[in-house]
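Trainee: Please put the sequence and the structure up, so that we can go through them by question and answer.

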2 protein chains.
Amino acid sequence: MREPPAVTNDICFCPLFGLLDVIAKKWALLIIAILGNEGEKGFNDLKRELGCISPKPLSDTLKNLERIGLVNKKIMETSPPTVKYSLTSDGRVLREHLIPMLVWISERGGQEIPGCPIRTGIHQERINQPG
Amino acid sequence: MREPPAVTNDICFCPLFGLLDVIAKKWALLIIAILGNEGEKGFNDLKRELGCISPKPLSDTLKNLERIGLVNKKIMETSPPTVKYSLTSDGRVLREHLIPMLVWISERGGQEIPGCPIRTGIHQERINQPG
DNA sequence: CCGTATCCGATAGGATACTG
DNA sequence: CAGTATCCTATCGGATACGG
């Protein structure tokens, strides 16, 4: 990115970029939305609910979300070890802001993709339950 | 993207992707936020306010936002012609959902970038005025 | 079950120069 | 002023195979 504006009077959005660089991506937003449902989820739970994501972008996104403190990863010492992802408290706050936006987007209607068992919109009850 | 899930019981997020593919990017979100301030803006107004964006991504993003009906482009037949970008009514609705999220993000604090005249947060009055 | 490794294609996005 | 053109790099993200 080019040097930020030098003049002090200018507004600079850099304070937003630490988070925006991670969450302003479709998978990240959906993961935050989904993680608030029904408590903790495993890697493959998420993969299944997202429907069409490859393991690599899911893994990458989860690591980034964990790094910036929105997602918590818990490893239980069972055998085999059980892994559970959940939102941190910050993640839950962010989600509260995010959900109305996603609901509106889904209600406005999106792209129809051939072969997709499309819904008229996201089922609000699926993304609006307390985490 | 891989084929969406075939089983009807599965949730599919495809309805979200038409919009998400465009707006789930840092520049798009900031442009929607800024365009709601102080009425219409020209290309270089936006460029200046965004602070560190190259003309190509700005041009690309504006075209995408216009294509999906969130941004309106008006060309006035002055000489030289005057171009003004503004939010459509849908764009304004989306922005209403977006702003609280951006404000929270900026208040939580982001990345400190060397050379950036960083603020403790976005000035809420700058992104919260009626469009 | 939970990923990592690898490879690959598509695209976001930056720098710069230039045009009407 | 409002972009377009060109080139380039980085990264997003998919597919598949594999390992703990």
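Mentor: What follows covers the DNA contacts, the helix packing and two peptide bonds.

Trainee: What kind of model is this, and what pLDDT do side-chain atom pairs need?

Mentor: Residues are numbered from 1 along each chain as its sequence is written, chains are lettered from A and ligands numbered from 1 in the order in which they are written, and side-chain values use heavy atoms, with hydrogens and water left out. The model is predicted, totals for chains, interfaces and linings use all residues, local features need pLDDT of at least 70, and side-chain atom pairs count only at pLDDT 80 or more.

Trainee: Which residues come nearest to DNA strand C?

Mentor: A residue is near a strand if one of its heavy atoms lies within 4 Å of it. There are 19 residues around DNA strand C. Those that come nearest are N44(A), S59(A), K73(A), V83(A) and K56(B).

Trainee: Which part of DNA strand C does K56(B) approach with a polar side-chain atom?

Mentor: A polar contact is a pair of N or O atoms within 3.5 Å; within protein, one must be able to donate a hydrogen and the other to accept it, and residues adjacent in sequence count only if both atoms are side-chain atoms. S59(A) places a polar side-chain atom 2.3 Å from a phosphate oxygen of DNA strand C, and K73(A) places one 2.9 Å from a phosphate oxygen of that strand. For K56(B) the distance is 3.0 Å, and the partner is a base nitrogen.

Trainee: Which element gives the most to the surface near DNA strand C?

Mentor: Helices (H or I, at least four residues) and strands (E, at least two) are DSSP runs, numbered from the N terminus. Two or more residues each come from helix 3 (43-50), helix 4 (55-67) and strand 2 (82-87) of chain A and from helix 4 (55-67) of chain B. With four residues, the element that gives the most is helix 4 of chain A.

Trainee: How many residues of the surface near DNA strand C are charged?

Mentor: Ala, Val, Leu, Ile, Met, Phe, Trp, Tyr, Cys and Pro count as nonpolar, Asp, Glu, Lys and Arg as charged, and the others, Gly among them, as polar. Nine residues of this surface are nonpolar and four are polar. The charged residues number six.

Trainee: Around DNA strand D, what share of the atoms within 4 Å of the protein belongs to sugar and phosphate?

Mentor: DNA strand D has 21 residues around it, and N44(B), S59(B), K73(B), V83(B) and Y85(B) come nearest. Sugar and phosphate account for this share of the strand's atoms within 4 Å of the protein: 65%.

Trainee: How far is a polar backbone atom of F43(B) from a phosphate oxygen of DNA strand D?

Mentor: W27(A) has a polar side-chain atom 3.4 Å from a phosphate oxygen of DNA strand D. K56(A) has one 3.1 Å from a base nitrogen of DNA strand D. For the backbone atom of F43(B), the distance to a phosphate oxygen is 3.3 Å.

Trainee: Which element gives the most to the surface near DNA strand D?

Mentor: Helix 4 of chain A and helix 3 (43-50), helix 4 and strand 2 (82-87) of chain B each supply at least two residues. The one that gives the most, with four residues, is helix 4 of chain B.

Trainee: Are helix 5 of chain A and helix 5 of chain B roughly parallel or antiparallel?

Mentor: Axes are lines fitted to C-alpha atoms, for helices over the stretch in contact, and angles run from 0 to 180 degrees between N-to-C directions. The two axes come within 10 Å and cross at roughly 170 degrees. Angles under 35 degrees count as roughly parallel, over 145 as roughly antiparallel, 65 to 115 as roughly perpendicular and the rest as oblique. Helix 5 of chain A and helix 5 of chain B are therefore roughly antiparallel.

Trainee: How many nonpolar residues are in the contact of helix 5 of chain A with helix 5 of chain B?

Mentor: Contact means heavy atoms within 4.5 Å. Residues making the contact include L94(A), W104(A), L94(B) and W104(B). Besides two polar and four charged residues, the number of nonpolar ones is 14.

Trainee: At what angle do helix 2 and helix 4 of chain A pack?

Mentor: W27(A), A28(A), I31(A) and I32(A) of helix 2 meet L58(A), T61(A), L62(A) and L65(A) of helix 4. The axes of the two helices are 10 Å apart, and the angle is about 70 degrees.

Trainee: Where is P80(A) found?

Mentor: Most peptide bonds are trans. The bond from S79(A) to P80(A) is cis, with omega near 0 degrees, and the bond from S79(B) to P80(B) is cis, with omega near 5 degrees. P80(A) is found in the loop between strand 1 (71-76) and strand 2 of chain A.
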